[in-house]
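I opened this entry to keep track of what I looked up, one topic at a time. The sheet comes before the helix packing and the ligand shell.

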Amino acid sequence: MISWPEAVAVSALLLVCRFSYGLFVSRRALSHVPGPNSPSLVWGEEWKLYHTKPGSHYHGWKRTFGKVVKISGAFGHPMLCITDESAISYILGAEGIYNFPKPHGVRIWFQKTLGNASRYRGFCVLFQVGKGILYVEGKESHERQRRLLAPAFSQPSVRNFMPVFHEISSKLAVQWLHMMDDLGRDEIEIEVTNWAGRFALESVGRAAFSHEFDLLSGDPSPLLEALDGLTNTQHNATSFYMRALFWIFPSILNIGKKGEMVRRTKMELGQVARKMWRDAKLANDSYEKTLMAQMLKADAASEQRMDLDEIVAQMRTILSAAYEPVSSTVAWVLYELAINPRTQEELRVEISSHNTDPTLDELSTRFPILHGVLLETLRLHPPILENHHEAAVTTSVPLSQPIPGTSESRLVIPKGTILFIPVNVMQTDSELWGDDAHIFRPRRWMDGQSQHHPSLLAFSEGPRSCIGARFAQAEIKALIVALIRQFSVRCDHEIEPFQSFVIRPRVKGTAMSSLPLKVKRV
Ligand code: HEM
């Protein structure tokens, strides 16, 4: 019989052998794919990526090595950086996406912050929601969840949500006016990222779950603090180790301060979700097509009642998916308007020609500058910088041009390879967007050429693209209408992009996300 230290040593050795063999097999299969020499045996490219401007290396790699680039992650883990249009369409499209799920580490992250133990009963047997839509993989399970959620994010639903978006936007504007009144000034500096987060959470709470968080009072909120604490990470060594290692050792998410934040966020989201569900059941809330109403209907229809833990996982998922990217986009839109005063003025004229709050249809037909400003912001500041996937099985993927030095029109991607699609490169590629691809020019969406542009990847594409894209655009536009109608904004600070969970703005040289803008009554 072997002792337990021997058993641990043997298991560790087996794991190392398995990992090394996997590395050897995929490195050999990808030996013809070009890429930079790894600067570190331990960290691969991760150190460099973490310590430079988010996404800046991807441009250089594409220029030097082409549209498929092999890089090393921590401990030599193989990764492919893909900017080939045919490969991207295949990977994200119906044919490829279920062979390329989210990487294991990303799924563990979602499970730890949003998920729960997977006990499938009643509704859960029907919809497999135990793990929430961001976590769930596999065609059948994912499609079931999508079908359940889709009505709540359809055009008619978003049309119904418009009064809610306008009401919340106007509350935020009123708070800013009060802050000016209190200080007796017509121009004050406001840290807008915090308000943007409040707006995003309040909107999804009201529109998806008929729940009021009352975040626009400006009072402290444990939920907001937990979400912010988890994602608005300080740029320090611990954050780096977490980010570099969670691809291969997801259990790292359990330890230290980060592990504590993960548990706290899950608990806060869980408490809120449980309360929302109890309130909705008591009120028998079946208002139109909210997500809450869909879930209540599914609950009533299922033979066994829904498992509360499972419902909570789905609610946590939606709250968190709606919070981060919307708050960062709102901040970036205001930043772009602040540094482009002429566009800001043109937008104000467009908005001022309407005295009432626009409907969803008016927003799409009568606010072309607003539309251009939002899409141009999402093009230059995609909140989700890289779209990550992992080959679940070895898969052959089509290429629009062969790998340099070969004549193959397909690439075989070995199982276990992590892929990332750098959205920033795709959205600023001068071959696709023209010579002014790096310039903020909202009119590119109005001059008729936009229909020849590839679609934005900011919301991704295909079966796993953002289900809340329409919802997000409507709420952000409602807020910008309310703010630009009443205020002008300018920025006195040097702002840089900062990689937290999404790409957020921060004052250059500081550690955490921030966007102080001078806001003036007009
Ligand atoms: C500007 C705002 C937003 C951006 C840029 C954005 C972007 C994205 C992207 C890129 C994905 C794909 C992620 C991946 O494949 O790894 C995604 C998925 C998703 N988003 Fe959004 N999102 C936004 C707002 C929202 C809102 C407001 C909601 C809900 C109210 C939402 C709900 C979801 C959900 C549920 C998924 C998972 C879809 C699936 O797996 O089928 N998002 N989002």
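**Sheet**

I looked up the strand order in this predicted model. An open sheet is formed by 4 strands in the order 1-2-7-4, with mixed pairing. I then checked the edges: strand 1 (68-72) and strand 4 (386-390) each have a single partner strand, so one side of each is left without a neighbour in the sheet. For the twist, I noted that neighbouring strands are turned by 25° against each other on average, direction ignored.

Next I took the pair formed by strand 2 (residues 78-82) and strand 7 (residues 418-422). These two strands run parallel and are joined by 3 bridges. Within this part of the sheet I found Leu 80 opposite Leu 419 of strand 7.

**Helix 9 against helix 10**

I looked up how helix 9 (residues 155-183) packs on helix 10, and the angle is about 150° with the axes 10 Å apart. Angles over 145 degrees count as roughly antiparallel, and helix 9 and helix 10 are therefore roughly antiparallel to each other. Their crossing is right-handed.

I listed the contact residues by side. Helix 9 contributes Phe 161, Val 164, Phe 165, Ile 168 and Leu 172, and these meet Trp 195, Phe 199, Glu 202, Ser 203, Arg 206 and Ala 207 of helix 10. By class I have 8 nonpolar, 1 polar and 2 charged residues in this contact.

**Helix 10 against helix 15**

I repeated the lookup for helix 10 and helix 15, which pack at about 140° with their axes 8 Å apart. The two helices are therefore oblique to each other. The crossing of helix 10 and helix 15 is right-handed. Among the contact residues I noted Ala 196, Gly 197, Phe 199 and Ala 200 of helix 10, and Ile 318, Leu 319, Ala 322 and Tyr 323 of helix 15. The classes in this contact are 17 nonpolar, 3 polar and no charged residues.

**Ligand shell**

Which residues are closest to the ligand? I found Ala 321, Ala 322, Pro 325, Cys 466 and Gly 468 to be the closest of the 24 residues that surround the ligand. The elements giving two or more residues to this shell are helix 7 (132-135), helix 10 (192-209), helix 15 (308-339) and helix 21 (469-486). Helix 15 gives the most, with 6 residues. I recorded the shell classes as 17 nonpolar, 4 polar and 3 charged residues.

I closed the entry with a cross-check on Ala 322: this residue is among the closest to the ligand, and Ala 322 also belongs to the contact of helix 15 with helix 10.

Methods. Residues are numbered from 1 along each chain as its sequence is written. This is a predicted model: local features need pLDDT of at least 70, side-chain atom pairs count only at pLDDT 80 or more; totals for chains, interfaces and linings use all residues. A residue is near a molecule or strand if its C-beta atom, placed from the backbone, lies within 6 Å of it. Ala, Val, Leu, Ile, Met, Phe, Trp, Tyr, Cys and Pro count as nonpolar, Asp, Glu, Lys and Arg as charged, and the others, Gly among them, as polar. Axes are lines fitted to C-alpha atoms, for helices over the stretch in contact, and angles run from 0 to 180 degrees between N-to-C directions. Angles under 35 degrees count as roughly parallel, over 145 as roughly antiparallel, 65 to 115 as roughly perpendicular and the rest as oblique. A crossing is left-handed if the near helix is turned anticlockwise from the far one by less than a right angle, and right-handed if clockwise. Two residues are in contact if their C-beta atoms, placed from the backbone, lie within 7 Å. Two strands pair if DSSP finds at least two bridges between them.
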